[in-house]
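Dear colleague,

Please find below the structure that I am handing over to you. My findings follow directly after it.

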Amino acid sequence: MWMEEEENYDAAYEDGVNVGIAQGKTLGITQGEKNKTIDIAKNMLEEKVDIALISKYTNLSIEEINALR
């Protein structure tokens with residue numbers, strides 16, 4: 001009986017680790033995309049592009065863009 005419980009524990013632990021890794025990857029990708037969008041918006045601001053146009057193409061709010069200034 002003890003061996004079966006240990007196997008169940010090991011399987012549950014491995015499942016938990018795999019879920020954590022998947023969540024970490026998803027969060028990393030999401031944050032990376034957000035950072036790239038912010039970089040693009042900053043470059044557009046430097047080029048004096050209209051804020052409404054920056055918002056349209058980056059999907060950032062006007063408030064988020066203004067905060068980058």
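**Findings**

Y57 is found in helix α2. The model in which this residue sits is a predicted one. With a relative accessible area of 55%, Y57 is exposed, because the cut-off for that class is over 50%. Relative to Q31, Y57 stands 26 residues away in sequence, and the C-alpha to C-alpha separation of the two is 18 Å.

**Overall form**

The chain contains 3 helices and 0 strands, and its elements follow the order α-α-α from the N terminus on. Along the principal axes, the C-alpha atoms occupy a box of roughly 70 × 15 × 15 Å. The radius of gyration is 22 Å, whereas a compact globule of 69 residues would have a value near 11 Å. Of the 69 residues, 13% count as buried. The chain has an accessible surface of about 5,700 Å², and carbon and sulfur atoms account for 55% of that surface.

**The nonpolar core**

Which residues make up the largest nonpolar core? There are 7 of them: A41, M44, L45, I51, I54, L60 and I65. Two elements, α1 (2-46) and α2 (51-58), each give two or more residues to this core. The largest share, 3 residues, comes from α1.

I54, one of the core residues, is in contact with A41, M44, L45, V49, N59 and I65 when its neighbours within four places in sequence are set aside. Several of these partners, including A41, M44, L45 and I65, are themselves listed in the core.

Helix α2 also holds S55. Is S55 buried or exposed? S55 has a relative accessible area of 18% and is therefore buried, since the limit for that class is under 20%. Apart from neighbours within four places in sequence, the contacts of S55 are L60, S61, I62 and I65. Among them, L60 and I65 belong to the largest nonpolar core.

**The two loops**

Two loop residues deserve a separate note. K48 lies in the loop between α1 and α2. Its phi is positive, about 65°, although K48 is not a glycine. K48 counts as exposed because its relative accessibility, 72%, is over 50%.

N59 is placed in the loop between α2 and α3 (62-67). For N59, too, phi is positive, with a value near 65° in a residue other than glycine. N59 is exposed, at a relative accessible area of 68%. As noted above, N59 is also among the contacts of I54.

**A nonpolar patch on the surface**

Where does the chain carry a nonpolar surface patch? Y9, Y13, V17 and I21 make such a patch, with an area of about 430 Å². One of these residues, Y13, lies in helix α1. Y13 counts as exposed because its relative accessibility of 53% is over the 50% cut-off.

**In brief**

To recapitulate, the predicted model shows a chain with 3 helices and 0 strands and a radius of gyration of 22 Å. Its largest nonpolar core has 7 residues, with α1 providing the largest share. Y9, Y13, V17 and I21 form a nonpolar patch at the surface, while K48 and N59 both have positive phi values without being glycines.

With kind regards

Terms used. Residues are numbered from 1 along each chain as its sequence is written. This is a predicted model: local features need pLDDT of at least 70, side-chain atom pairs count only at pLDDT 80 or more; totals for chains, interfaces and linings use all residues. Side-chain values use heavy atoms; hydrogens and water are left out. A nonpolar core is a set of buried Ala, Val, Leu, Ile, Met, Phe, Trp, Tyr and Cys residues joined through side-chain atoms within 4.5 Å. Buried means under 20% relative accessible area, exposed over 50%, partly exposed in between (1.4 Å probe, protein chains only). Helices (H or I, at least four residues) and strands (E, at least two) are DSSP runs, numbered from the N terminus. Contact means heavy atoms within 4.5 Å. Patches are made of residues with over 30% relative accessible area and no salt bridge: like charges are joined within 9 Å, nonpolar side chains (Val, Leu, Ile, Met, Phe, Trp, Tyr) within 5 Å. Accessible areas come from the Shrake-Rupley method with a 1.4 Å probe; for residues, only the protein chains shown count as cover. A salt bridge is a side-chain nitrogen of Lys or Arg within 4 Å of a carboxyl oxygen of Asp or Glu. The radius of gyration is taken over C-alpha atoms; the globule rule is 2.2 Å times the number of residues to the power 0.38.
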